[in-house]
Amino acid sequence: MEKRDKALVVFSGGQDSTTCLFWALKRFKEVAVVTFDYGQRHALEIDCATKIADEQQVKQYILNMDLLNQLAPNALTRDDIDVQAGENGGLPNTFVPGRNLVFFSFAGILARQIEAQHIITGVSEADFSGYPDCRDNFMKSLNVTINLAMDEQLLLHTPLMWRNKAEVWALADELGVLDYIRQNTLTCYNGIIADGCGECPSCLLRKHGLELYLEKKVKA
């Protein structure tokens with residue numbers, strides 16, 4: 001595929017957004033990343049994202065989103081709240097209401113400023129923990145809204161939308177970065193890089209997906 005245009009990756013330094021970064025580097029002539037500092041549970045997340053951006057030699061923008069922390073106190077924005085999975089079909093207490101609405105709106109403004117037509121994000125409806133702002137219909141609706149708001153033709157890409165975690169690992173392997181992503185990304189709610197604590201919901205999802213993918217790879 002011929003590389004063209006400029007892309008902005010919404011980037012946290014986690015498994016999904018890092019996979020999206022390498023996906024974008026394969027497709028676009030120029031890539032930058034935007035990382036949001038919203039007082040998240042672990043400042044290490046930003047350090048991790050910065051380290052990866054530096055290693056891959058891409059421009060990183062860090063935007064201060066402290067207001068989101070004030071509006072939505074929960075397990076992702078408060079280190080004194082224990083992470084809990086949702087019960088009886090309810091949302092887990094890591095859900096930050098409106099986070100993606102805010103993030104992608106600001107990403108759109110930044111993309112316009114730096115003349116990047118493409119915005120890439122790692123949201124997924126296959127493994128989304130019930131988060132309503134990770135659904136395909138939300139992303140498509142938001143893409144229309146952003147363009148109407150700024151009279152632009154920005155394109156929101158969601159390469160992981162229909163991939164479960166095993167399929168995300170498969171994509172990383174296809175891109176030649178499975179080991180890099182496994183060793184350098186931060187997905188753990190307890191702030192442990194690489195394979196993480198192995199106990200929080202995010203680590204369990206990541207580990208299960210990796211095991212499924214490696215098992216399938218061995219059998220292939």
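This is a guided tour of the structure above, one selection at a time. The model is a predicted one, so please read each stop in that light.

**Stop 1: the whole chain**

Start with a cartoon view of everything. You should find eight helices and five strands. Following the sequence from its start, the elements come in the pattern β-α-β-α-β-α-α-β-α-β-α-α-α. Now colour by burial: of the 220 residues, 49% count as buried. If you like contact maps, take the contacts between residues at least 6 apart in sequence: 69% of them join residues at least 24 apart.

**Stop 2: helix α5**

Select residues 136–150, which make up helix α5. The helix has 15 residues, and its first and last C-alpha atoms are 22 Å apart, close to the expected 21 Å. Next, show the side chains of Asp-136, Phe-138, Met-139, Leu-142, Asn-143, Ile-146, Asn-147 and Met-150, the buried residues of α5. Where do they sit around the axis of α5? They are on the same side of the helix, because the arc they cover is only 160°. Turn to the other side of α5 and you meet Asn-137, Lys-140 and Leu-148, which are exposed.

What lies over the buried residues? The cover includes helix α4 and strand β5, residues 155–157. Before you leave, click on Asp-151, just after α5: its phi is positive, about 55°.

**Stop 3: His-118 and its neighbours**

From β5, move to His-118 in strand β4, a strand that spans residues 118–120. Is His-118 buried or exposed? With a relative accessibility of 4%, it falls under the 20% cut-off, so His-118 counts as buried. Draw a distance to His-157 and you will see a polar contact between the two side chains, at 2.8 Å. To fill in the surroundings, leave aside residues up to four places away in sequence and show what His-118 touches: Asp-5, Lys-6, Ala-7, Leu-8, Phe-28, Leu-155 and His-157.

A short step back along the chain brings you to Glu-115, in the loop between α4 (99–113) and β4. Glu-115 has a positive phi of about 60°, although it is not a glycine. Most residues other than glycine have a negative phi. At 69% relative accessibility, Glu-115 counts as exposed.

**Stop 4: the aromatic rings**

Show all Phe, Tyr and Trp side chains. How many aromatic pairs does the structure hold? There are four. One of them is Phe-36 with Phe-103, a stacked pair with 4.2 Å from centre to centre and 10° between the planes. This pair links distant parts of the chain: Phe-36 belongs to strand β2 (residues 30–37) and Phe-103 to helix α4, 67 residues apart. Both of these residues are buried. Add Tyr-38 to your selection, since ring pairs link Phe-36, Tyr-38 and Phe-103 into a cluster.

While rings are on display, pick Tyr-61 as well. Lys-59 lies over the face of this ring, at 5.3 Å from the ring centre.

**Stop 5: the loop before β3**

Gln-57 is in the loop between α2 (44–55) and β3 (59–64). With a relative accessible area of 75%, Gln-57 is exposed. Try a C-alpha to C-alpha distance from Gln-57 to Ala-32: they are 9.2 Å apart in space and 25 residues apart in sequence.

**Stop 6: the loop between α7 and α8**

Finish with Thr-185, found in the loop between α7 and α8. Thr-185 counts as buried, at 0% relative accessibility. Its side chain joins that of Arg-206 through a polar contact of 2.9 Å. Again setting aside residues up to four places away in sequence, expand the selection to what Thr-185 touches: Gly-13, Gly-14, Gln-15, Thr-18, Cys-48, Ile-52, Ile-193, Ala-194 and Arg-206.

Ala-194 deserves a click of its own. This residue lies in the loop between α7 (178–184) and α8 (201–219). The phi of Ala-194 is near 70°, a positive value in a residue other than glycine. At 22% relative accessibility, Ala-194 counts as partly exposed.

Definitions and conventions:
Residues numbered from 1 in each chain as written. Predicted model: local features only at pLDDT ≥ 70, side-chain atom pairs only at ≥ 80, totals over all residues. Heavy atoms only, no water. Helix = DSSP H or I, 4+ residues; strand = E, 2+ residues; numbered from the N terminus. Buried < 20%, exposed > 50% of the residue type's maximum accessible area, 1.4 Å probe, protein only. Polar contact = N/O pair within 3.5 Å; in protein donor to acceptor, adjacent residues only side chain to side chain. Contact = heavy atoms within 4.5 Å. Phe/Tyr/Trp six-rings, centres within 6.5 Å; stacked < 30°, edge-to-face > 60°. Lys NZ or Arg CZ within 6 Å of the ring centre and 35° of its normal. Expected span 1.5 Å × (residues − 1). Arc of directions from axis to C-beta.
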